[in-house]
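Here is a brief report on one protein chain. Keep the coordinates open while reading.

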Amino acid sequence: MIFIIGSKASAQSKISGIEARLFYNQKSDQDNSPVDKVSGTFSKQDITTGKVALWNTIIGEGGAEGPSNQTIVIVGVKSGKYSNKRQTLRFTASVEKKIIHRELQTFSVIGDNENYKLLFLLNDTGCSNVIINAELLIKGKVVSTLSKSIHFECGE
């Protein structure tokens, strides 16, 4: 008896990563403030790494370059041999076990070993930890999952 290990299953797409960036959505009231230069842009660093201080980001404190109460989340999918078929990414963001954003995105990737990015916008972020969960479904079955945390905090 011959067993072929991982042929079709390993050739399917998989979630390759989750990253997030702060969106600097407000200008400062102060003249010549450096915040004026970052308004309308995204943070340079991935805030899911734990390397950025996310303390009082809503007022531009901690490691933030300016005030931010919106977060863009980017989920990467690496295509496999059978990837040009319809796939669905189920995205969930939760704060204190309460779902704040749920979204399904159906897509197709043309080609083998291609990188595909899906974007999700979270509003009213900045004071509570956010848990991100991404699940990749093909024909209704979960084939890949990945979770990340964003450790926002607020206080005096």
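## Aromatic pairs

Phe107 is buried, at a relative accessible area of 6%. The model is a predicted one. Phe107 stacks with Tyr116: the ring centres are 4.7 Å apart and the planes differ by 10°. Tyr116 has a relative accessible area of 30%. The cut-off for buried is under 20%, and exposed begins over 50%, so Tyr116 counts as partly exposed. This pair therefore joins a buried ring to a partly exposed one.

The whole structure holds three aromatic pairs. Another of them is Phe91 with Phe120, also stacked, with 4.0 Å centre to centre and 5° between the planes. Phe91 sits in strand 4 and Phe120 in strand 6, so this pair ties together parts 29 residues apart in sequence. Both Phe91 and Phe120 are buried.

## The nonpolar core

How many residues make up the largest nonpolar core? The count is 27. Val73, Val75, Leu89 and Ile132 have the most contacts inside this core. Five strands each supply at least two of its residues: strand 1 (14-24), strand 3 (70-78), strand 4 (87-95), strand 6 (115-123) and strand 7 (130-138). Strand 1 gives the largest share, five residues.

Val75 shows what one of these positions touches. Setting aside residues up to four places away in sequence, the contacts of Val75 include Ile15, Gly17 and Ile18. Leu89, Phe91 and Ala134 are also among them. So are Tyr116, Lys117, Leu118 and Phe120. Two aromatic pairs come back here: Val75 touches Phe91 and Phe120, which stack on each other, and Val75 also touches Tyr116, the stacking partner of Phe107.

## The open sheet

Four strands form an open sheet, in the order 2-1-3-6, with antiparallel pairing. Which strands stand at the edges? They are strand 2 (41-42) and strand 6. Each has a single partner strand, so one side of each is left without a neighbour in the sheet.

Strand 3 and strand 6 pair over nine bridges, in the antiparallel sense. In general, strands of a sheet pair through backbone hydrogen bonds, either parallel or antiparallel. Val75 has Leu118 as its bridge partner in strand 6. Leu118 is also among the residues that Val75 touches.

## The disulfide

The model has one disulfide. Cys127 is joined to Cys154, with 1.9 Å from S to S. The pair links distant parts of the chain, 27 residues apart. Cys127 is in the loop between strand 6 and strand 7, and Cys154 is in the segment after strand 8 (141-150). The angle about the S-S bond is -75°, and the link is left-handed.

Is Cys127 buried, exposed or partly exposed? Its relative accessibility is 35%, so Cys127 counts as partly exposed. Cys154, at 29% relative accessibility, counts as partly exposed too.

## Thr125 in the loop

The loop between strand 6 and strand 7 holds Thr125 as well as Cys127. Thr125 has a relative accessibility of 4%, so Thr125 counts as buried. Cys127 is instead partly exposed, at 35%.

What does Thr125 touch, beyond residues up to four places away in sequence? The contacts are Ile58, Ser68, Asn69, Gln70, Thr71, Val130 and Phe152. Strand 3 spans 70-78 and strand 7 spans 130-138. Gln70 and Thr71 therefore place strand 3 in contact with Thr125, and Val130 does so for strand 7.

How values were computed. Residues are numbered from 1 along each chain as its sequence is written. This is a predicted model: local features need pLDDT of at least 70, side-chain atom pairs count only at pLDDT 80 or more; totals for chains, interfaces and linings use all residues. Side-chain values use heavy atoms; hydrogens and water are left out. A nonpolar core is a set of buried Ala, Val, Leu, Ile, Met, Phe, Trp, Tyr and Cys residues joined through side-chain atoms within 4.5 Å. Buried means under 20% relative accessible area, exposed over 50%, partly exposed in between (1.4 Å probe, protein chains only). Contact means heavy atoms within 4.5 Å. Two strands pair if DSSP finds at least two bridges between them. A disulfide is a pair of cysteine sulfur atoms within 2.5 Å. Rings of Phe, Tyr and Trp (its six-membered ring) pair if their centres lie within 6.5 Å; planes under 30 degrees apart count as stacked, over 60 as edge-to-face and the rest as tilted.
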